[in-house]
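Welcome! Here are some exercises to work through with the structure in view. Try each task on your own before reading its solution.

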Number of protein chains: 2
Amino acid sequence: MSSLPTFADVQAAARRLEGVAVRTPLLENARVNDRLGGRLFVKAECLQRTGSFKIRGAYNFLASMTEADRRKGAVGWSSGNHAQGLAEAGRLLGVRTTIVMPADAPALKVANTRASGAEIVLYDRVKDSREEIGLGIARKTGATVVPPYDHPWILTGQGTAGLELAEQAKALGVTLDAVAAPCSGGGLSTGVALGVKGVSPGTSVHAGEPAGFDDLARSLKSGRKESNEKLSGSICDALLAPTPGDVTFPLAQTLLGPGLVVTDEEVLDAMEVAFREFKLVVEPGGAVALAAALTGKLPVAGRAVAVVCSGGNVDHATFIRALSRERPAA
Amino acid sequence: MSSLPTFADVQAAARRLEGVAVRTPLLENARVNDRLGGRLFVKAECLQRTGSFKIRGAYNFLASMTEADRRKGAVGWSSGNHAQGLAEAGRLLGVRTTIVMPADAPALKVANTRASGAEIVLYDRVKDSREEIGLGIARKTGATVVPPYDHPWILTGQGTAGLELAEQAKALGVTLDAVAAPCSGGGLSTGVALGVKGVSPGTSVHAGEPAGFDDLARSLKSGRKESNEKLSGSICDALLAPTPGDVTFPLAQTLLGPGLVVTDEEVLDAMEVAFREFKLVVEPGGAVALAAALTGKLPVAGRAVAVVCSGGNVDHATFIRALSRERPAA
């Protein structure tokens, strides 16, 4: 694969993922459509193996490595969905994985990652550098570092979600005006853009980000990589990458329309709509594109629009918070 | 259609429902499988149009009526999922529907039913008989009464969920040992049995019921229609039919294995597992078959088992209750 990934690479990833990734459903809801005055489709990636889209890219990465490299194992760092996706991809392909996780990561996420057979190396968020620890393991064992987004194999794997949703819309006889996906480092959004535009070139594709962490939206405006001021402080714990990737940003400039930025309050409202209308459990970071559609930042009126709900790994307390807010009577 | 429905009738219903009913996914979860020592599949009918399987039977019923009858409209009584399914089926087919609902039904359910264009007639649970009101409307207008379960067109429509899940399992190369579905009057469970056994004759099919409302389980044991002592008092508000139907019971005797009975506590636990592992919003009545599998009442160890999660129309407070219970650390 060249360093500039193409639609053909997404198609190849889709063949690798056949029978591995769940072909998640593309759902719509008559009441939501009535309210918005258009057709809104939800690509339910929260129903994916390990509860998020991350298995698509991780599996595609491991499956693309040479047999010799696979025998030496893989290493990654993540406290969240990438950890679980990579560990499970390793289990499925028989590749030994080591995941560097913060010592204060939620016990459930550590347990879930370990349950897939990964070796867990804990680090201290204050004193240690997870990159140094991970790279040290790679040097010592010959394991390959699997990055969370900034690699063609990762983003084309994630792009299979876009290919699927475009095919599913086509099968319904629907031409999508726009598609939006959540964005942290840009692996999902640029991959989805590649997958969607290969099937439906006229569809505009947008990345959704939380307010204060809209590095990609600002970078697309300014034409150069911008960074976020803060490293934490949004409910969207999965979307806090500080700056667009070196591989993903040029693709984003070519493929993506203007960025969509939503507040934590709008995200909590979207999680409640996902619960009440779509019967889906969506985590905060997974709900940003849905929030953009529900608030009209991504217009749905008179159009056909699809949003990726990218994950459902949310703790009980946060979900209860989304369900407990004051809201107007239905 | 004769009064004894067959697999061919389920196949005919599936053709009518093509492009109307969502082909809901059949999901599994590696961690749950590890814990149970077998393969557990969840047929996610909570993702169906109107949030439950009920649209399958209601649409199949209206689509099977003569054109002349359809012009005279349809009437039904329900405070829950059948109301929403029938109203939406009427909207899709252009059949005027009248739904008799209790005056104290949750505002959200009344609003949802009205949003599909149904005319709502409210009655007083204490003073009025909803059957009398509904039959009165039918006499006056010539509208056809659409029963919630005890009719071949209804149960073969519901059976398309079973046909789908059997086909989905087959496509995965899996031979199902057992299937279970929630049961109130028996429309879903007998329909699912017809659909499953047409594809996979060796699969045993079971109906799940809440403790205290296990009229079908006791009827299957005694060989005659037994009734429940109470009419209310389970968290499973959708599963309170007092006795098996005249059409469904003979079918149940032929097609179903022993009944499965679960407590409200087990149902709440199953709703939490659906949230945490499957990322699905399942209502109490929709979770009884899942509860039977998770508690071992329907053994999964060393086997392949599928359960229907039949609906997701649960209010916020009940869902929060399921998520807030004490439970052992993961």
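**Exercise 1. A strand in chain A**

How many of the residues of strand S10 (residues 304–309) of chain A are buried?

Before solving this, keep in mind that you are looking at a predicted model.

Step 1. Apply the cut-off: a residue is buried if 20 or more other C-beta atoms lie within 10 Å of its own.

Step 2. Go along the strand. In S10(A), 6 of its 6 residues are buried, and the strand is mostly covered.

Step 3. Look at the two faces. Ala304(A), Ala306(A) and Val308(A) are buried on one side, while Val305(A), Val307(A) and Cys309(A) are buried on the other.

Step 4. Find the strands that pair with S10(A). Strand S2 (residues 39–44) of chain A pairs with S10(A) in the parallel sense, over 6 bridges. Strand S7 (residues 178–182) of chain A also pairs with S10(A) in the parallel sense, over 3 bridges.

Step 5. Now zoom in on Ala306(A). Phe41(A) stands opposite Ala306(A), and Ala306(A) is also the bridge partner of Val179(A).

**Exercise 2. The sheet in chain B**

Work out which strands of the open sheet in chain B stand at the edges.

Step 1. Write down the order of the 6 strands: S1-S2-S10-S7-S8-S9, with mixed pairing.

Step 2. Read off the ends. Strand S1 (26–27) and strand S9 (260–262) of chain B each have a single partner strand, so one side of each is left without a neighbour in the sheet.

Step 3. Check a pair inside the order. Strand S7 (residues 178–182) and strand S10 (residues 304–309) of chain B are joined in the parallel sense over 3 bridges. Within this pair, Val179(B) has Ala306(B) as its bridge partner.

**Exercise 3. A threonine and the helix that follows its loop**

Is Thr50(B) buried or exposed?

Step 1. Locate the residue: Thr50(B) is in the loop between strand S2 (39–44) and H3 of chain B.

Step 2. Count neighbours. Thr50(B) has 26 C-beta neighbours inside 10 Å, and therefore counts as buried.

Step 3. List its contacts beyond four places in sequence: Ile55(B), Gln84(B), Gly85(B) and Glu88(B). For a longer view along the chain, Arg114(B) is 64 residues apart from Thr50(B), and their C-alpha atoms are separated by 12 Å.

Step 4. Inspect the backbone. Most residues other than glycine have a negative phi. Thr50(B), however, has a positive phi of about 70 degrees.

Step 5. Turn to the other chain. Thr50(A) lies in the loop between S2 and helix H3 (54–64) of chain A. Its phi is positive too, near 70 degrees. Thr50(A) counts as buried because 26 C-beta neighbours lie inside 10 Å.

Step 6. Follow chain B onward to helix H3 (residues 54–64). This helix is mostly covered, with 11 of its 11 residues buried; among them are Arg56(B), Tyr59(B) and Phe61(B). The cover over the buried residues of H3(B) includes helix H1 (7–17), helix H5 (81–93) and helix H8 (152–171) of chain B.

**Exercise 4. Two domains in chain A**

Find which helix gives the most residues to the side of domain 1 of chain A that touches domain 2 of chain A.

Step 1. Mark the domains: domain 1 (7–53 + 151–323) and domain 2 (54–145). Their centres, taken over C-alpha atoms, are separated by 24 Å.

Step 2. Count both sides of the contact. Domain 1 of chain A provides 25 residues and domain 2 of chain A provides 16 residues.

Step 3. Look for helices on the domain 1 side. Helix H1 (7–17) and helix H8 (152–171) of chain A each supply at least two residues. H8(A) gives the most, with 8 residues.

Step 4. Sort that side by class: 10 nonpolar, 11 polar and 4 charged residues.

**Exercise 5. Two chains together**

Explain how the two copies are related.

Step 1. Lay chain B on chain A. A turn of 180 degrees with a shift of 0.0 Å along the axis does this with an RMSD of 0.0 Å. The copies are therefore related as by a two-fold rotation axis.

Step 2. Find the axis from chain B: Leu280(B) comes closest of that chain's residues, at 2.6 Å (C-alpha).

Step 3. Examine the contact, which takes 28 residues from chain B and 27 residues from chain A. By class, the chain B side has 18 nonpolar, 6 polar and 4 charged residues.

Step 4. Compare the surfaces. Of the interface residues of chain B, 96% are also interface residues in chain A, so the copies meet through the same surface.

Note on methods. Residues are numbered from 1 along each chain as its sequence is written. Chains are lettered from A and ligands numbered from 1 in the order in which they are written. This is a predicted model: local features need pLDDT of at least 70, side-chain atom pairs count only at pLDDT 80 or more; totals for chains, interfaces and linings use all residues. Two residues are in contact if their C-beta atoms, placed from the backbone, lie within 7 Å. Ala, Val, Leu, Ile, Met, Phe, Trp, Tyr, Cys and Pro count as nonpolar, Asp, Glu, Lys and Arg as charged, and the others, Gly among them, as polar. Domain bounds come from an automatic or database domain assignment. Helices (H or I, at least four residues) and strands (E, at least two) are DSSP runs, numbered from the N terminus. Copies are superposed by least squares on the C-alpha atoms of residues with pLDDT of at least 70 in both. A residue is buried if 20 or more other C-beta atoms lie within 10 Å of its own, exposed if 12 or fewer, and partly exposed in between; C-beta atoms are placed from the backbone. Two strands pair if DSSP finds at least two bridges between them.
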